[in-house]
Amino acid sequence: MKRARTRATRSWKLVLPVAVVAAVVMAMSAGTTQAGPNMKGPKFTEAKAFDVSKPLRELVKNQKPSNKTLPPATGKDTDSELGAETGAWSAFLSTGASLMVTATPQAASVQQAASAIPSTIQNFEGLSNQDNFNIFGFRVNPPDPVGDVGPNHYVEMINLVYGIYSKTGTLLLPPIDTGTLWAGFAVEDCTDPSGDPIVVYDQVADRWILSQFTTRFTADPQNDVFYECIAISQTGDPTGAYYRYAFTTGNFFPDYPKLGVWKDSYILTTREFGPTIEYGIGVYALERNKMINGQAKARAASFFLDGNDPAILPLVGDGLLPPDLDGKQKPKEDAAAPLVGTQDDDFPYGATFDALNIWDLAVHWNSTPTASLVLNTQLPVAEFNAFPCVGGLGSRDCLPQPGITNSAQYLDTLSSRQRPTYRLAYRNFKSYEAMVTNQSIEASPGIAGVRWYEIRRTNGVYSLYQQGTYSPDSVHRWMGSIAQDKKGNAAVGYSVVDGTSVFPGIRYAGRLAGDPLGQMSLGEGTIIDGSGVQTTTNSRWGDYTSMNIDPVDDCTFWYVNEYYTAAGQASSLAGWQTRIASFKLPGCS
């Protein structure tokens with residue numbers, strides 16, 4: 001089913017004077033009952049449903065070949081549309097705009113020998129689209145590969161399956177339909193294989209958090225009700241029982257949800273579409289302490305940033321990333337949670353310069369809770385632009401593949417989305433706090449590269465400590481994820497491809513904390529080379545990947561992404577596979 005509900009095409013250029021930004025900040029600081037013009041919240045609610053599941057290892061025994069169907073298309077400009085084998089179910093606006101490229105990539109001459117970066121420690125197969133076929137009888141695209149690592153396990157989620165592994169790659173339970181975790185739950189929508197999954201490990205509490213949204217649409221959009229389904233393991237064993245919650249977003253569809261661990265909240269951000277032309281960014285703080293203790297009346301504090309307001313749109317774009325805590329040092333008790341977005345002055349959302357936009361979210365879970373959401377600052381960054389895909393701005397037909405001559409089979413970069421890609425990895429170094437994130441850009445004419453950032457907060461003041469664009473040659477690099485270890489060393493993982501000999505594969509690059517700023521000085525390592533291509537014309541890739549840090553030593557990086565083999569290509573138009581690998585940078589132990 002595809003409903004003719006579309007977001008209005010924006011082909012105009014907005015101008016947002018500094019005075020308007022200042023007014024937005026002042027309005028948002030004025031109180032906690034109304035954040036500002038067309039910024040609604042905070043709204044405090046309780047979970048719509050709660051229960052305790054049977055142990056997952058028992059639920060899996062009852063999993064049978066599924067008769068469930070593909071989630072319906074929204075008819076909107078969402079990132080969640082799942083194409084079954086063929087067909088582009090979602091089309092973005094196409095303005096035909098030409099883009100100037102001025103970003104300077106890291107030169108190959110700056111890069112050290114590739115052997116300077118250590119090889120992988122663990123490197124094993126993850127889930128694949130064949131798992132979808134085995135469970136549902138169909139395959140989907142994109143995969144949305146995501147995972148996290150705990151003391152004894154690695155948990156991976158994809159559209160529409162998840163798996164639990166030992167840290168040496170043994171699959172401990174068979175691949176599981178994402179809806180199985182919510183079997184018997186009061187909100188039946190959660191039992192569907194809906195997608196856009198996120199998994200995070202809360203190392204402070206030793207808990208696993210698994211989530212997906214719901215996609216049950218009705219004949220009348222005004223009657224639609226959507227949920228974010230959150231499951232929290234009762235212990236550190238991801239195969240055990242879970243506390244299960246459903247938080248509603250009303251009749252606003254919560255596209256592209258991202259979840260992060262903070263000191264007293266789990267923070268969820270969404271890209272929301274209402275029943276007609278409504279559009280904006282949802283921000284939710286979920287009451288962490290009650291959720292890890294299995295209390296039914298866990299609360300949510302929510303805000304809605306109205307993207308149809310020309311004063312707000314360039315400040316939120318297509319999404320904000322929540323912070324996700326790495327390391328054992330928690331944020332200070334009074335520290336606001338930073339939410340980060342990006343803006344591009346060559347994109348028709350109205351930004352007048354390229355920047356990182358940082359919002360501060362503060363929530364106090366008292367008997368009468370309070371919350372505020374404030375635009376703290378805009379940090380100017382080096383010029384960047386979206387990759388110029390075939391068909392113009394917003395097209396998904398972007399990156400060529402070996403042997404592919406039909407541009408409709410080129411791969412999506414998502415660089416036209418005004419947002420960084422998952423995660424916003426947060427770490428408290430005591431004397432300062434650091435956050436790292438990245439996005440895909442056009443690094444040089446016709447070449448996609450990974451732009452990465454390290455933001456620091458010192459005594460409450462944000463600064464851009466360093467930034468870089470990793471693109472040492474003519475190979476396309478995109479769909480990255482970045483994190484730091486306890487020493488401040490950084491590693492970024494990403495996809496690679498070119499139009500001649502580099503099949504879709506997975507690589508990573510790294511730097512030591514003392515290396516020259518803005519450089520991935522250790523060079524590049526390979527997780528796996530591809531040997532096949534994607535031939536579906538929906539072009540989707542990603543939509544995200546995940547670089548995480550092992551809580552055992554706070555040094556080992558774990559990364560998951562998709563790639564193609566010749567066998568995968570032969571199995572399906574979208575025969576993608578995923579790979580999970582770990583590695584460690586020099587000097588961290």
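The following exercises, each with a worked solution, concern the interior, the aromatic rings, the cavities and the unusual backbone geometry of a predicted model.

**Exercise 1. Identify the residues with the most contacts inside the largest nonpolar core, and the strand that gives the most to this core.**

Solution.
Step 1. The largest nonpolar core comprises 93 residues, and Leu56, Trp359 and Leu361 have the most contacts inside it.
Step 2. The strand that gives the most to this core is strand 14 (residues 279-287), with 6 residues.
Step 3. A separate, second core has 30 residues, among them Val475, Ala483, Val502 and Tyr563.
Step 4. For Leu361, set aside the neighbours within four places in sequence; the residues in contact with Leu361 then include Ile267, Val283, Phe303, Ala336 and Leu373.

**Exercise 2. Classify the ring pairs Phe213–Phe253 and Phe557–Phe583, and locate each ring in the chain.**

Solution.
Step 1. The whole structure contains 24 aromatic pairs according to the search.
Step 2. For Phe213 and Phe253, the centres are 5.1 Å apart and the angle between the planes is 45°, and the pair is tilted.
Step 3. Phe213 belongs to strand 9 (residues 207-213) and Phe253 to strand 12 (residues 253-261); with these positions 40 residues apart, the pair links distant parts of the chain. Both Phe213 and Phe253 are buried.
Step 4. For Phe557 and Phe583, the ring centres lie 5.4 Å apart; the planes meet at 10°, and planes under 30 degrees apart count as stacked, so this pair is stacked.
Step 5. Phe557 is in strand 29 (residues 557-563) and Phe583 in strand 30 (residues 577-583), 26 residues apart. Phe557 and Phe583 are both buried.

**Exercise 3. State which rings the charged end of Lys258 is placed over, and at what distances from their centres.**

Solution.
Step 1. The charged end of Lys258 is 3.5 Å from the centre of the Tyr256 ring, over which it sits.
Step 2. Lys258 also lies over the face of Tyr544, at 3.8 Å from the ring centre.

**Exercise 4. Describe the largest cavity and determine which strands each supply at least two residues of its lining.**

Solution.
Step 1. The search of the whole structure yields 6 cavities of 30 Å³ or more.
Step 2. The volume of the largest cavity is about 90 Å³.
Step 3. Its lining includes Asp148, Val149, Asp324, Leu325, Arg423, Asn548 and Ile549.
Step 4. Strand 4 (146-149), strand 16 (323-325) and strand 28 (546-549) each contribute at least two lining residues.

**Exercise 5. Locate the cis peptide bonds Gly41–Pro42 and Asn159–Leu160, then examine the positive phi values of Asp196 and Met479.**

Solution.
Step 1. Gly41 and Pro42 are joined by a cis peptide bond with omega of about 5°; Pro42 is part of strand 1 (residues 39-46).
Step 2. From Asn159 to Leu160 the peptide bond is likewise cis, with omega near 10°. Leu160 is found in the loop between strand 5 (153-158) and strand 6 (161-166).
Step 3. Asp196, although not a glycine, has a positive phi of about 50°. Asp196 is located in the loop between strand 7 (176-177) and strand 8 (198-202). The relative accessible area of Asp196 is 1%, under the 20% limit, and therefore Asp196 is buried.
Step 4. Met479 is not a glycine either, yet has a positive phi of about 55°. Met479 lies in strand 24 (residues 476-484). With a relative accessible area of 0%, Met479 is buried.

How values were computed: Residues are numbered from 1 along each chain as its sequence is written. This is a predicted model: local features need pLDDT of at least 70, side-chain atom pairs count only at pLDDT 80 or more; totals for chains, interfaces and linings use all residues. Side-chain values use heavy atoms; hydrogens and water are left out. A nonpolar core is a set of buried Ala, Val, Leu, Ile, Met, Phe, Trp, Tyr and Cys residues joined through side-chain atoms within 4.5 Å. Buried means under 20% relative accessible area, exposed over 50%, partly exposed in between (1.4 Å probe, protein chains only). Helices (H or I, at least four residues) and strands (E, at least two) are DSSP runs, numbered from the N terminus. Contact means heavy atoms within 4.5 Å. Rings of Phe, Tyr and Trp (its six-membered ring) pair if their centres lie within 6.5 Å; planes under 30 degrees apart count as stacked, over 60 as edge-to-face and the rest as tilted. A charge sits over a ring if NZ of Lys or CZ of Arg is within 6 Å of the ring centre and within 35 degrees of the ring normal. On a 1 Å grid over the protein atoms alone, a cavity is a set of points where a 1.4 Å probe fits but cannot get out, and a pocket is an open set with protein on both sides within 12 Å along at least five of seven lines; lining residues have an atom within 4 Å of a point. Grid points are joined across faces, edges and corners, and a volume is the space filled by probe spheres set on the points.
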